[in-house]
Amino acid sequence: MKILAMLHGFPPLHNAGAEWMVHDTLKYLIKKGHKATVMLPITGLKPYEISGIRVIPDENMNEMNKELNNHDIVISHLDRYGKALNRCEYYGKQFILFVHNTHVYAGIAEKHKPDMNQRWIYVVYNSEYTKNGVNYPNPSIIVHPPVDRERVFTRKSRAEYITLINLNENKGGDVFINIAKALPEKKFFGVKGSYGDQIIDETVKNIKYIENTPDIKSVYSKTRILLMPSIYESYGRTAIEAMINGIPVIANKTPGLLESLSYAGVFIENRLDIEEWKEKILMVEDNYKHYSDRSKERAAEIQQKTEEELKEMEEFILNAIDKKL
């Protein structure tokens, strides 16, 4: 099959969890013998290829029409889903929405009103929490975000930093700064995100900041503990990436992070309680091997489960193309 992904951003130009989920999903399908093209609404974008995925600009209506006609099915998500949905309806293409959060997508459930009798919209949820949160009436499947071990795994030699990836308000950039202030003897590592206003305080001398980077290995090679003081997480891809490396994760108790981290997570009851963060960091440091081993164990479980889900998803997409769902 040939898949067209109409997206607003894609690696390595845009490095965020949703984009890497789509990337790793397409990479899996390509290994299974399928083909994938990504169209981005970036003026002047030079076509490129990543992991066998062809990436082209979405700036010419004639080219878009040609690509739509040459592909079997379209996937999209987030900021680009509306345009993709409209084009699929116009061209009579099957459409798959990747759902990464519990924010309701207008125009999805409505398309399934009985009087419209349309069965061409399908959903891939990134977690049980997300599915339960919106529960669209469309045919659906859950695929926890696949993580390419080769891309994220590193053999840490001198990992010494306590890290936060993405410093915006939702991810806890302000909380991170206050934790660093409370532990001046520790080294902290702030990695700028690819979206949202980044909260940075360069007067805090024990925080080292770096720009957003697709080279996530270099981040994990320096990371001893990963912090996730997020207000909201529907799953938490970076938690999985960290655990693959045996990096313990201390996190706010969001439903998504409870699902991804499970027994391996060290959870905070009150994300604004800096003393609690301090206590949990010191607790993990005092028994580091125990928490590291649990992280590796949980990561292995998730990767096996996700591999099974990807196989089910391939069949799900093929059935959607054949209109068997």
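**Talking through the sheet and its helices**

Student: In what order do the eight strands of the open sheet run?
Tutor: Keep in mind that this is a predicted model. The sheet is open and its pairing is mixed. Going across it, the eight strands come in the order 3-4-2-1-5-6-7-8.

Student: Which strands stand at the edges, with a single partner strand each?
Tutor: An edge strand has one partner, so one side of it is left without a neighbour in the sheet. Across the sheet, neighbouring strands are turned by 25° against each other on average, direction ignored. The two at the edges are strand 3 (48-50) and strand 8 (140-142).

Student: Let's zoom in. What is the bridge partner of Leu40 in strand 4?
Tutor: Strand 2 (residues 35-40) pairs with strand 4 (residues 53-57) in the parallel sense, over four bridges. Leu40 belongs to that pairing, and its partner in strand 4 is Pro57.

Student: What angle does the direction of helix 1 make with that of strand 4?
Tutor: Helix 1 (residues 17-31) packs on the sheet. Its contacts include strand 1 (2-6), strand 2 and strand 4 itself. Its direction and that of strand 4 make about 130°.

Student: And helix 11, what angle does its direction make with that of strand 8?
Tutor: Helix 11 (residues 288-321) also packs on the sheet, touching strand 5, strand 6, strand 7 (121-125) and strand 8. Against strand 8, the angle between directions is about 165°.

Student: Which residues of strand 5 point the other way from Ile73 and Ile75?
Tutor: In a regular strand, side chains alternate between the two faces of the sheet. In strand 5, Ile73 and Ile75 point one way, and the residues pointing the other way are buried too. Those are Val74 and Ser76.

Student: Sticking with Ile75, what is its bridge partner in strand 6?
Tutor: Strand 5 has parallel pairings to strand 1, through four bridges, and to strand 6, also through four bridges. On the strand 1 side, Ala5 stands opposite Ile75. In strand 6, the partner of Ile75 is Ile96.

Student: What handedness does the β-α-β unit of strand 5, helix 3 and strand 6 have?
Tutor: The path leaves strand 5, goes through helix 3 (residues 81-91) and ends in strand 6. Those two strands run parallel. The unit is right-handed.

Student: Is helix 2 roughly parallel or roughly perpendicular to helix 3?
Tutor: The axes of helix 2 (residues 61-70) and helix 3 come within 11 Å and cross at roughly 65°. Angles of 65 to 115 degrees count as roughly perpendicular, so helix 2 is, relative to helix 3, roughly perpendicular.

Student: Which residues of helix 3 meet helix 2?
Tutor: The crossing of these two helices is right-handed. Helix 2 brings Met61, Met64, Asn65, Leu68 and Asn69 to the contact. Helix 3 answers with Lys83, Arg87 and Tyr91.

Student: How far apart are the axes of helix 8 and helix 11?
Tutor: Helix 8 (residues 237-244) passes helix 11 in a left-handed crossing. Ile240, Met243 and Ile244 of helix 8 meet residues of helix 11 including Ala299 and Ile302. The two pack at an angle of about 120°, and their axes are apart by 8 Å.

Student: How many of the eight residues of helix 8 are buried?
Tutor: Buried means under 20% relative accessible area. Arg237 and Glu241 are among the buried residues of helix 8, alongside Ala239 and Ala242. The helix is largely enclosed by the rest of the structure, because the buried count is seven of the eight.

Methods
Residues are numbered from 1 along each chain as its sequence is written. This is a predicted model: local features need pLDDT of at least 70, side-chain atom pairs count only at pLDDT 80 or more; totals for chains, interfaces and linings use all residues. Side-chain values use heavy atoms; hydrogens and water are left out. Two strands pair if DSSP finds at least two bridges between them. Axes are lines fitted to C-alpha atoms, for helices over the stretch in contact, and angles run from 0 to 180 degrees between N-to-C directions. Contact means heavy atoms within 4.5 Å. Buried means under 20% relative accessible area, exposed over 50%, partly exposed in between (1.4 Å probe, protein chains only). A crossover is right-handed if, with the strands pointing away from the viewer, the path from the first strand over the helix to the second runs clockwise. Angles under 35 degrees count as roughly parallel, over 145 as roughly antiparallel, 65 to 115 as roughly perpendicular and the rest as oblique. A crossing is left-handed if the near helix is turned anticlockwise from the far one by less than a right angle, and right-handed if clockwise.
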